[in-house]
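Here is a friendly tour of one protein model, with the sequence and coordinates to hand. Have a look, and then we can go through its sheet, its cores and its cysteines.

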Amino acid sequence: MTVTDTPIDVTAPIEHTQLLIGGEFVDALDGKVFDTINPSTGEVITQVAEGSAADVDRAVAAAREAFENGPWARMKPNERAAAIWRLGDLLMADAAEMGRIETLDQGKPYAYAMGGDVPSAAGLFHYMSGFATKLEGSTIPISAPGNFHTYTRREALGVVGLIVPWNFPLTISAWKLAPALAAGNTVVLKPAEATPLSALRLGQLALEAGFPPGVFNVVNGYGSTVGQRLAEHPGVDKVSFTGSTATGRRILDAAKGNLKRVTLELGGKSANIIFPDADIEAAIAGSSAGIFYNAGQACAAASRLYVHDAVYDEVIAGMAEKAQQIKVGDGFDPTSEIGPVASKEHFERVSSYLEVGKGEGEVVTGGARIGERGYFIEPTIFAGAAADSRIIKEEIFGPVVVATRFTDTDEVLAQANDTRYGLASGVWTSNVATAHSVAARIQAGTVWVNSYGVFDPSMPFGGMKESGWGREMGHDVMHDYTDVKTVCVNIDG
Ligand code: NDP
């Protein structure tokens with residue numbers, strides 16, 4: 001299926017707007033609703049139930065019941081695996097509608113939502129389903145006096161709260177849901193209030209895939225109410241959060257009541273370094289995609305660009321040309337390559353950084369809003385900002401890159417690592433020694449060499465330093481959704 005042969009009725013009604021609790025779509029207890037907005041137009045798409053702390057309480061109760069007593073607790077690992085795999089299949093079959101919803105709510109081009117976000121989320125369910133049958137412990141030869149058979153079991157944690165942001169609403173939900181469910185947990189998912197619709201549709205697909213009631217709950221609402229209650233809830237065993245470092249700190253505070261496990265995938269200010277021996281054309285293309293993809297709303301966005309003096313002018317001219325060519329527009333316009341930023345609030349935040357940047361550096365290209373309707377921002381390149389300027393230090397989370405010239409490897413590594421963040425980075429070089437030595441010295445959870453933004457369900461992703469705790473994806477993620485139990489059996493006859 002391609003974008004062009006898929007008829008899209010952009011205005012078709014949205015099927016699921018309530019909360020999903022205990023296997024049923026229900027209104028919020030107090031009947032409240034809020035508007036969800038199309039960022040391409042600023043218009044209301046529909047109204048969505050606004051959950052409260054009391055709704056979180058009933059979702060957690062449903063998840064607890066499903067974990068302790070429901071059919072989920074008795075399902076064989078291969079049955080759990082089959083349900084998770086089926087959810088991936090159903091998602092692929094639903095790509096046209098799921099893509100429509102994601103584009104309406106988040107703003108990203110439909111081609112990317114349907115052809116990128118949906119298959120990538122489905123791939124997560126397919127990949128992670130296999131772990132359900134492979135959560136193994138080990139037998140341990142112990143040396144304590146006596147005779148013992150000692151082994152470990154890897155067990156689910158219980159009820160897991162998942163708090164996701166608005167930049168990749170479906171994909172980041174899948175990053176968390178797939179391993180949490182494969183491990184046998186039950187979940188309460190809180191989508192960002194700006195983008196609740198794809199999570200609700202995914203909840204419907206989960207029911208169709210055969211997840212018993214209460215295994216997969218969705219509570220829409222605000223971070224300060226629903227998110228906060230989920231993070232502090234004594235009946236939640238773990239919370240996995242993606243979002244800003246500031247909110248990550250609040251989650252930690254809230255989680256300390258019952259010392260719940262916490263995974264944090266937080267912000268970034270990722271350094272992307274172009275050495276003079278790089279394939280310059282590839283570096284220009286990769287670095288442009290690395291910052292402008294998804295209108296720069298990516299935690300791993302290549303937002304700090306360091307270019308060797310010998311190729312600086314060529315690279316910046318090439319990137320400026322690319323930035324000017326990018327078609328920014330409504331996600332349902334098939335020629336759009338990037339959409340708006342996801343909300344009015346975020347538009348104002350990014351716009352304020354454009355003004356800061358004009359004071360701190362020189363505008364190479366961009367720096368302004370596009371049009372009067374919707375939240376569109378020009379792909380922007382700043383240059384010449386001081387190392388301690390705000391546009392180099394702070395996460396902007398928009399289509400904005402700051403370029404800096406360097407001459408020496410030690411110097412550029414010191415600059416690259418001079419940040420509180422440590423999420424991702426890029427290195428462009430044709431020298432294999434430079435590639436590996438620089439990759440080893442960069443303080444970041446992921447280093448892409450001669451590429452940028454390559455993701456795969458098998459690749460662990462997460463942050464060093466203030467970019468977070470724990471990992472999403474890969475084998476490593478399963479440690480974050482399970483606990484180890486040691487069983488020591490006296491077998492002295
Ligand atoms: P937040 O970190 O506040 O939001 C992310 C999620 O956390 C949303 O679901 C939000 O809910 C929820 N949340 C907010 N407050 C709380 C709370 N007290 N307890 C529990 N959950 C909460 O990000 P913002 O939307 O405010 O964006 C601000 C900046 O954060 C961006 O400009 C960007 O720099 C960064 N960010 C980074 C992301 C990443 O992928 N690393 C993703 C998103 C943002 P709700 O939205 O409903 O209030």
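An open sheet is a good place to begin: it is built from 3 strands in the order E5-E6-E22, with antiparallel pairing. Please keep in mind that this is a predicted model.

**The sheet**
- Strand E5 (139–140) and strand E22 (482–490) are the edge strands, each pairing on one side only.
- Between E5 and strand E6 (residues 148–156) there are 2 bridges, and the two strands pair in the antiparallel sense.
- Ile-140 has Thr-150, in E6, as its bridge partner.
- As background, strands of a sheet pair through backbone hydrogen bonds, in either a parallel or an antiparallel way.

**The nonpolar cores**
- The largest nonpolar core holds 92 residues, and Leu-91, Phe-211 and Phe-216 are those with the most contacts inside it.
- Helix H6 (residues 169–182) gives this core its largest share, 9 residues.
- A second, separate core has 27 residues, among them Tyr-353, Ile-391, Ile-442 and Ala-444.
- Back in the largest core, what does Leu-91 touch once its neighbours within four places in sequence are left aside? Leu-91 is then in contact with Met-98, Val-118, Ala-121, Ala-122, Phe-125, Leu-170, Leu-202 and Leu-205.

**The cysteines**
- How many disulfides does the structure hold? The count is 0.
- Cys-299 counts as buried because its relative accessibility is 10%, and buried means under 20%.
- Cys-488 has 47% relative accessibility, so this residue counts as partly exposed.

Notes:
Residues are numbered from 1 along each chain as its sequence is written. This is a predicted model: local features need pLDDT of at least 70, side-chain atom pairs count only at pLDDT 80 or more; totals for chains, interfaces and linings use all residues. Side-chain values use heavy atoms; hydrogens and water are left out. Two strands pair if DSSP finds at least two bridges between them. Helices (H or I, at least four residues) and strands (E, at least two) are DSSP runs, numbered from the N terminus. A nonpolar core is a set of buried Ala, Val, Leu, Ile, Met, Phe, Trp, Tyr and Cys residues joined through side-chain atoms within 4.5 Å. Buried means under 20% relative accessible area, exposed over 50%, partly exposed in between (1.4 Å probe, protein chains only). Contact means heavy atoms within 4.5 Å. A disulfide is a pair of cysteine sulfur atoms within 2.5 Å.
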